[in-house]
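This report describes selected local features of one protein chain. The sequence and the structure are shown first, and the text then treats ring contacts, one helix and one cysteine.

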Amino acid sequence: MVIPSLSLPQDELRRITGALCYEERLLFLLLTLRRPSVEIVYVTSMPVDTAIVDYYLGFLDDPDEARTRLQMISLDDPDTRPLSAALLDRPDLLDRILDRTAGRPGGACLVPFVVSEYEERLAGLLGLPVYGPATSLAHLGSKSGGRMLAEEAGVPTARGFSDLRSLTEVEHAARALAPASKLMVKLNNSYSGLGNAIVIKDDRSLTACPTSFSAADETWTTFAEKIAERGAVIEEFVQGRPLHSPSALAMVTPGGGHGVIATHEQVLGGPNGDVYKGCVFPARPEYRAEVAACAERIAGVLAARGVVGLFGVDFFAVKTDGGYRALLCEVNLRIGGTTHPLGAAMLSTGAVYDPASGTLRCGDRAKHYVATDNCDAENLRGRTPGDVVKLVHDFGLGFDRERRTGNVLHLMGAISRYGKLGFTSIADSAEEAAELHLRTLDALRRAV
């Protein structure tokens with residue numbers, strides 16, 4: 001049972017264009033219907049266009065048979081509440097889900113985007129285990145929790161302070177970080193870089209210093225309220241040049257097994273260059289092994305504490321005389337922006353991750369990809385998902401099942417209203433993936 005509920009701070013969520021359509025991020029899981037034993041119940045706030053479901057099932061050998069093992073359930077309710085909270089008020093739909101999930105011989109589980117009290121209540125009502133960390137462990141995924149995990153795992157971090165609960169505490173910590181003059185304040189619970197502030201510190205009070213907030217409408221007044229509510233960390237701004245932002249994707253199984261399943265280069269943007277826009281697989285070879293090793297140690301600590309599920313570990317890779325050093329940026333105990341590109345690439349090509357090389361292998365070939373969640377094409381407004389699928393096919397940019405290369409589209413529900421979609425460009429080399437990605441961006445933005 002897939003519950004892609006965006007049970008996250010709603011003030012930040014409202015800043016994302018077409019945020020409700022991000023419930024479609026996990027539709028790559030429909031490709032698991034290739035296995036005859038798999039059944040999926042996928043719940044969304046609003047109906048998913050039939051053409052989108054057909055698109056994913058089109059990757060399978062027998063789409064019609066796979067469709068018999070798929071149930072799409074919609075609340076048909078664009079409520080401002082998270083999907084899981086709204087579902088708790090729909091006993092009719094809960095009964096439908098129970099009818100589908102109860103008594104399965106292989107068992108069933110709830111796969112959430114993120115685990116909150118709503119997902120735990122749903123799981124309790126449905127009698128399903130959750131593939132994700134318990135809310136009692138959620139603090140480990142905060143910015144303060146990440147610094148604590150790094151210390152326990154022996155992973156370096158930027159110089160800083162955590163568990164700050166007021167603007168006054170942040171001010172004191174900023175003075176203690178002298179002589180550093182460029183600092184970053186991060187809210188404990190935020191995502192996509194939207195809870196960050198970069199401060200150029202001088203002798204004045206923190207609020208009088210030049211500050212750049214990642215969220216366009218943020219002020220020190222609103223930010224201080226969030227610090228009091230959520231807590232924060234402050235760190236010396238990492239300014240190494242060149243500076244890279246790799247990320248590792250790791251998992252912990254219910255039995256306590258753990259490991260890294262991918263590394264990526266994050267593609268960042270926004271006013272401070274810290275808002276997630278997409279990713280490139282794999283991370284650069286110069287520090288790929290170091291990033292994976294650090295993430296593996298953090299995964300071991302999380303497994304020992306009882307965490308289960310997928311999670312992302314973000315780093316800075318800083319150049320040193322002897323190579324690169326990985327500094328932990330944050331730990332995200334949820335399905336993040338690199339999960340669906342990896343899932344789409346593995347399930348569409350049949351590739352598997354090779355920990356020794358840090359690459360995806362499909363027989364004797366490596367697979368590379370470039371992915372974005374943020375293809376903005378004003379000219380696509382008013383088009384349907386089916387129109388865009390045909391457009392990509394007509395340009396020769398669709399997925400070639402024989403060569404196992406091409407594009408896998410996502411976030412198509414945002415096309416008609418916002419002219420926005422995402423896609424993962426898969427090829428046999430890094431150069432080919434990058435070239436395919438640029439050609440696809442150009443084609444979509446020039447389409448008439």
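Over the face of which residue does Lys-319 lie, and at what distance from the ring centre? In this predicted model, Lys-319 is placed over the face of Tyr-324, 5.6 Å from the ring centre. A second lysine, Lys-182, lies over the face of Phe-237, and here the distance to the ring centre is 4.3 Å.

**Aromatic pairs**

The structure contains eight aromatic pairs. One of them joins Tyr-55 and Phe-59; its planes meet at 85°, so the arrangement is edge-to-face. Another edge-to-face pair is formed by Trp-220 and Phe-223. The geometry of these two pairs is set out below.

| Pair | Centre to centre | Angle between planes |
|---|---|---|
| Tyr-55 and Phe-59 | 5.3 Å | 85° |
| Trp-220 and Phe-223 | 5.8 Å | 80° |

Tyr-55 has a relative accessible area of 14% and is therefore buried, the limit being under 20%. Phe-59, at 7% relative accessibility, also counts as buried. Tyr-55 and Phe-59 belong to one aromatic cluster together with Tyr-56 and Phe-399.

Trp-220 and Phe-223 are both buried. The two residues sit in helix H9, which spans residues 220-230, and they are three residues apart, about one turn of the helix.

**Helix H5**

Helix H5 comprises residues 91-101, and its buried residues are Leu-93, Leu-94, Ile-97, Arg-100 and Thr-101. These residues lie on the same side of H5 because they cover an arc of only 120° around the axis. The face turned away from this buried side carries Pro-91 and Asp-99, which are exposed.

What covers the buried residues of H5? The covering elements include two strands, S2 (40-44) and S3 (70-74), and two helices, H4 (83-87) and H6 (117-126). Just after H5, Gly-103 adopts a positive phi of about 70°.

**Cys-375**

Cys-375 is part of strand S18, residues 365-376. Is this cysteine buried or exposed? With a relative accessible area of 0%, Cys-375 is buried. Beyond its neighbours within four places in sequence, Cys-375 is in contact with Gly-419, Lys-420, Leu-421, Phe-423, Leu-441, Leu-444 and Arg-445. Asn-332, by comparison, is separated from Cys-375 by 43 residues in sequence, and the C-alpha to C-alpha distance between Cys-375 and Asn-332 is 24 Å.

Conventions. Residues numbered from 1 in each chain as written. Predicted model: local features only at pLDDT ≥ 70, side-chain atom pairs only at ≥ 80, totals over all residues. Heavy atoms only, no water. Helix = DSSP H or I, 4+ residues; strand = E, 2+ residues; numbered from the N terminus. Buried < 20%, exposed > 50% of the residue type's maximum accessible area, 1.4 Å probe, protein only. Contact = heavy atoms within 4.5 Å. Arc of directions from axis to C-beta. Phe/Tyr/Trp six-rings, centres within 6.5 Å; stacked < 30°, edge-to-face > 60°. Lys NZ or Arg CZ within 6 Å of the ring centre and 35° of its normal.
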